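Open your viewer and get ready to select residues. Follow the stops below in order.

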Amino acid sequence: AESHGVPAVPGFRPDSDAVDAATFAAAADRLGYPVLVKAAAGGGGRGMRIVPRAEDLRAALGAAEREARAAFGDGRLFLERRLADVRHVEVQILADAHGHTAALGERECSVQRRHQKLIEESPSPGADPATRVKLAAAAVAVARAAGYVNAGTVEFLLAPGGRFYFLEVNTRLQVEHPVTELVTGVDLVKAQLRIAAGETLARAGISDDGAAPRGHALECRVCAEDPAEGFRPSPGPILVLDEPAGPGIRVDSGIREGWEVPAAYDSLLAKVIVWERTREAAVARMEQALRGYVILGCGTNLNFLQDVLRHAAFRRGETPTDFLERHFTGWRPAPSELALGLAAAFAEAETPGRRGGENGGRTRDWDPWNVGSGWRLGGGRD
């Protein structure tokens with residue numbers, strides 16, 4: 001990237017595998033703290049550690065190396081300066097084996113938790129038209145320099161004022177590829193297969209100029225986790241499943257009613273993707289879709305996603321990569337009216353003296369819905 005005029009994040013990339021902690025420490029001092037320790041073979045935030053101070057570096061190197069070896073079978077590491085107030089923006093590319101490379105617009109993926117993306121959108125609210133053109137040109141330059149052939153994603157950090165820095169190339173389709181499909185009308189899976197079959201981009205209906213975005217698309221990742229408990233994994237059965245549907249709403253799902261969500265795999269259950277003419281309208285449509293999404297059994301992050309969408313900073317498009325750290329540290333869900341009603345029903349039914357049994361406690365066949373107390377869900381007491 002650097003040799004072809006594409007700026008990269010300042011960092012230290014060792015020339016050999018055998019680099020000791022002292023060498024990393026000297027490089028980090030030159031870069032200036034905070035720094036990021038990253039796995040050379042990594043992705044998805046694995047093998048990555050934020051190091052705010054010099055005294056934290058050695059422990060971070062050890063932890064990142066162990067995680068990288070376990071995840072990728074490769075413990076090599078490098079350093080990057082951690083930039084402030086930046087967005088994570090990536091450009092979708094398609095490149096055939098005949099020398100044609102096209103950029104299909106950018107996606108913003110800055111709403112992240114522990115370097116894992118939660119919400120993606122296209123186009124980026126932080127890129128003006130001039131920056132958008134420069135990002136696309138840089139992505140195409142990197143792909144052509146590498147002789148790249150396939151669908152892929154060139155990732156950047158976008159700083160205030162339109163400055164951007166190359167991060168990496170993901171040599172595959174990514175989880176968030178549907179937002180590009182909705183704003184460009186290009187089926188990326190089909191295009192990738194046609195490239196693999198030796199066809200040109202033109203044969204696949206794609207020009208070298210790429211595709212200008214139409215409207216705005218958002219994607220939310222629905223995961224089996226409990227945001228109120230530190231996003232702890234929340235496996236369990238899918239007892240009831242009702243997925244949202246309607247104009248401009250798409251759900252890519254890997255679950256079904258009656259299925260058991262296991263604890264041993266990634267927590268992603270489904271992706272909800274929406275399209276509308278404007279960003280404001282797309283956010284409203286996503287809120288509508290998430291409100292209508294019913295998953296009972298395992299815990300999910302549906303309430304958390306809705307609170308993020310409602311936040312004033314998100315609505316203004318002010319979403320740097322530390323957005324969740326700034327606004328959602330210590331987040332707790334608002335009490336559910338249904339949950340409060342059920343709790344009240346149980347409390348009413350279990351009050352001593354309300355029901356027979358020893359010492360006024362509940363009997364073996366106790367049922368909260370058969371208690372003649374006059375309490376009604378949503379209706380108070382008679």
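Begin with helix 6, residues 279–291. This helix lies across strand 7 (116–122), strand 10 (216–223), strand 14 and strand 16 (268–276). Look along strand 16: helix 6 runs at about 140° to it. Keep in mind that this is a predicted model.

**The eight-stranded sheet**

Now show the sheet under your helix. Eight strands form an open sheet, in the order 9-8-5-6-7-10-16-14. The pairing is antiparallel. Colour the two edge strands, strand 9 (164–170) and strand 14 (249–253). Each of them pairs on one side only. From one strand to the next, the twist averages 25°.

Zoom in on strand 9. Its partner is strand 8 (residues 150–158), and the two pair in the antiparallel sense over six bridges. Which residue of strand 9 is the bridge partner of Val154? Select Val169: that is the partner.

Next, select helix 5, residues 188–196. Helix 5 lies across strand 5 (87–95), strand 6 (101–113) and strand 8. Against strand 5, helix 5 runs at about 45°.

**The nonpolar cores**

Select Ile119, Ile295, Val308 and Phe314. They belong to the largest nonpolar core, which has 36 residues, and they touch the most other members. Several elements each supply at least two residues of this core, including strand 13 (236–242), helix 7 (302–310) and helix 9 (323–327). Helix 6, your starting point, is also among them.

Stay on Phe314 and show its neighbours. Among the residues Phe314 touches are Val111, Leu218, Val283 and Phe323. Glu121 and Arg279 are touched by Phe314 too.

Another core lies apart from the largest one. It has 19 residues, among them Ala95, Ala138, Tyr148 and Phe166.

**The four-stranded sheet**

Move on to residues 35–39, which are strand 2. How many strands form the open sheet with the order 1-4-2-3? Four, with antiparallel pairing. At its edges are strand 1 (11–12) and strand 3 (49–51), each pairing on one side only.

Strand 2 and strand 3 pair over three bridges. Pick Leu36 here: its bridge partner in strand 3 is Ile50.

Now add helix 1, residues 21–31. Helix 1 lies across strand 1, strand 2 and strand 4 (77–81), at about 15° to strand 4.

**Last stop: Asp20**

Select Asp20, in the loop between strand 1 and helix 1. Its relative accessibility is 45%, so Asp20 counts as partly exposed. Then add Leu61, 41 residues apart from Asp20 along the chain. Their C-alpha atoms are separated by 9.9 Å.

Methods. Residues numbered from 1 in each chain as written. Predicted model: local features only at pLDDT ≥ 70, side-chain atom pairs only at ≥ 80, totals over all residues. Heavy atoms only, no water. Pairing = 2+ DSSP bridges. Contact = heavy atoms within 4.5 Å. Axes fitted to C-alpha atoms, helices over the stretch in contact; angles between N-to-C directions. Buried < 20%, exposed > 50% of the residue type's maximum accessible area, 1.4 Å probe, protein only. Core = buried A, V, L, I, M, F, W, Y, C linked by side-chain atoms within 4.5 Å. Lists of a residue's contacts leave out its neighbours within four places in sequence.
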